[in-house]
Amino acid sequence: MPGPDENVHPEATGEAKKLVDAHQDAQDLVFYSGWFCPFNQRVWMALEERKIPYQYREVNPYKKEAAFLKLNPLGLVPTIEVGQGSGKGLYESDVLVEFLEDLVPPSDDHPSIYPSGTYEKSWARLNVQHITKKIIPVSPPTGTHTYLVLPCLHAASDGRKTDIAPRRAQHYFSLQMRQDASGQASAREDLYTGLRTLLECKASGGPYFFGKQWTVVDMSLAPFVRRFYNLEKFRAFKDSEVGNGWEEYKAALLSRESLKATSSLDEYYTELLARYLNNTATSEVAKATRGGHHLP
Ligand SMILES: N[C@@H](CCC(=O)N[C@@H](CS)C(=O)NCC(=O)O)C(=O)O
């Protein structure tokens with residue numbers, strides 16, 4: 001019997017559907033995509049931002065079909081096949097985004113999504129890690145509250161990072177899935193803190209994390225923020241509670257063309273997110289969040 005996630009709407013809608021239709025021709029690079037997935041949307045945005053030709057193929061990753069498992073043994077979207085029919089699969093959104101940066105040298109036709117400068121590139125990666133490990137998932141208990149250690153080492157010289165009892169910090173997915181009010185309240189606080197910490201490191205002098213240049217840091221967070229409207233509606237998430245310029249930053253993230261072009265209609269996201277909000281989702285992400293494990 002199929003699980004509830006397997007019944008996901010079969011295709012993108014709205015602006016995203018137009019983009020899908022425009023990317024049906026065969027290309028060397030095949031993008032195995034799930035229209036609904038925020039990790040997937042990172043890679044789709046990178047393809048668009050870097051203006052790299054690709055063929056779009058919709059996959060239902062919950063079906064775990066044999067041909068797809070040959071490209072990605074985890075059976076997750078996003079996945080990319082490098083060379084049409086080559087069988088050479090790559091996966092993991094953070095890895096794919098770096099791959100797309102390396103694939104074509106940055107130029108006016110293919111703008112970079114990383115800042116220039118060796119230090120700045122690694123600083124960008126550190127902040128992407130913060131998003132992937134400390135804003136989206138459950139963090140395992142540690143002796144210190146690690147998201148206060150990362151990423152803003154420069155600013156964290158005031159001793160805040162030491163004296164918090166070990167506990168599992170909970171963020172974006174937990175806030176959706178927790179059914180009890182006190183669990184939701186603590187997940188909401190953890191999410192606020194994760195966002196605030198990122199903003200402490202944001203450069204001034206422009207709307208984006210690095211100031212004027214839009215980069216991988218903005219891209220890694222934007223698809224999740226695109227889905228925050230559900231947290232506002234059902235989990236009492238309030239932009240005004242984040243502080244540190246969050247409302248301006250959020251507006252900049254949401255107005256990026258590549259985010260809009262790769263987004264489906266709200267009602268289709270809402271249908272899928274409802275399974276997280278009522279804790280019936282059976283995806284790997286849902287199982288990991290429920291069990292307090294690392295995300296797949
Ligand atoms: N760490 C992966 C996560 C990808 C992921 O969890 N994708 C979900 C859709 S949002 C998926 O394919 N789920 C299939 C499943 O749970 O079986 C990445 O960053 O690419």
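Two residues are in contact here if their C-beta atoms, placed from the backbone, lie within 7 Å. The legends below describe a predicted model.

**Figure 1. Helices H5 and H7 run roughly antiparallel to each other.** In this view, Asn127, His130, Ile131, Lys134 and Ile135 of H5 meet Leu191, Gly194, Leu195, Thr197 and Leu198 of H7. By class, the contact of H5 with H7 comprises 5 nonpolar, 4 polar and 1 charged residues. H7 covers residues 181–200, and its axis comes within 10 Å of the H5 axis. The two axes cross at roughly 175 degrees. Angles over 145 degrees count as roughly antiparallel, and H5 and H7 are therefore described that way.

**Figure 2. Helices H2 and H4 are in contact and roughly parallel.** H2 spans residues 38–49 and H4 spans residues 93–103. Their axes come within 9 Å and cross at roughly 5 degrees. That angle makes H2 roughly parallel to H4. From H2, the contact takes Phe39, Arg42, Val43, Ala46 and Leu47. From H4, it takes Ser93, Leu96, Val97 and Leu100. The contact of H2 with H4 has 7 nonpolar, 1 polar and 1 charged residues.

**Figure 3. The ligand lies between domain 1 and domain 2.** Domain 1 covers 4–103 and domain 2 covers 118–291. Both give residues to the shell around the ligand, so the ligand lies between them. The ligand is surrounded by 16 residues. Cys37, Pro61, Ser93, Ser283 and Glu284 are the closest. By class, the shell holds 10 nonpolar, 4 polar and 2 charged residues. Ser93 appears here among the closest residues to the ligand, and Ser93 of H4 also takes part in the contact with H2.

**Figure 4. Helix H8 is mostly covered.** H8 runs over residues 216–225, and 10 of its 10 residues are buried. Val216, Val217, Asp218, Met219 and Ser220 are among them. So are Leu221, Ala222, Pro223, Phe224 and Val225. For the protein chain of 296 residues, 40% count as buried.

**Figure 5. Gln129 on helix H5 is partly exposed.** H5 covers residues 118–135 and includes Gln129. Gln129 has 14 other C-beta atoms within 10 Å. A residue counts as buried at 20 or more such atoms and as exposed at 12 or fewer, so Gln129 is partly exposed. Gln129 and Asp94 are 35 residues apart along the chain. Their C-alpha atoms are separated by 8.8 Å.

**Figure 6. Lys64 and Asn244 have positive phi values.** Most residues other than glycine have a negative phi. Lys64 has a phi of about 50 degrees. Its place is the loop between strand S2 (55–58) and H3. With 12 C-beta neighbours inside 10 Å, Lys64 counts as exposed. Asn244 has a phi of about 55 degrees. Asn244 sits in the loop between helix H10 (239–242) and helix H11 (246–254). With 16 other C-beta atoms within 10 Å, Asn244 is partly exposed.

**Figure 7. The peptide bond from Val77 to Pro78 is cis.** Its omega is near 0 degrees. Most peptide bonds are trans. Pro78 belongs to the loop between helix H3 (66–71) and strand S3 (79–82).

**Figure 8. The protein chain holds 14 helices and 4 strands.** Among contacts in the protein chain with a separation of 6 or more, 69% join residues 24 or more positions apart.

Note on methods
Residues are numbered from 1 along each chain as its sequence is written. This is a predicted model: local features need pLDDT of at least 70, side-chain atom pairs count only at pLDDT 80 or more; totals for chains, interfaces and linings use all residues. A residue is near a molecule or strand if its C-beta atom, placed from the backbone, lies within 6 Å of it. Ala, Val, Leu, Ile, Met, Phe, Trp, Tyr, Cys and Pro count as nonpolar, Asp, Glu, Lys and Arg as charged, and the others, Gly among them, as polar. Domain bounds come from an automatic or database domain assignment. Axes are lines fitted to C-alpha atoms, for helices over the stretch in contact, and angles run from 0 to 180 degrees between N-to-C directions. Helices (H or I, at least four residues) and strands (E, at least two) are DSSP runs, numbered from the N terminus. Angles under 35 degrees count as roughly parallel, over 145 as roughly antiparallel, 65 to 115 as roughly perpendicular and the rest as oblique.
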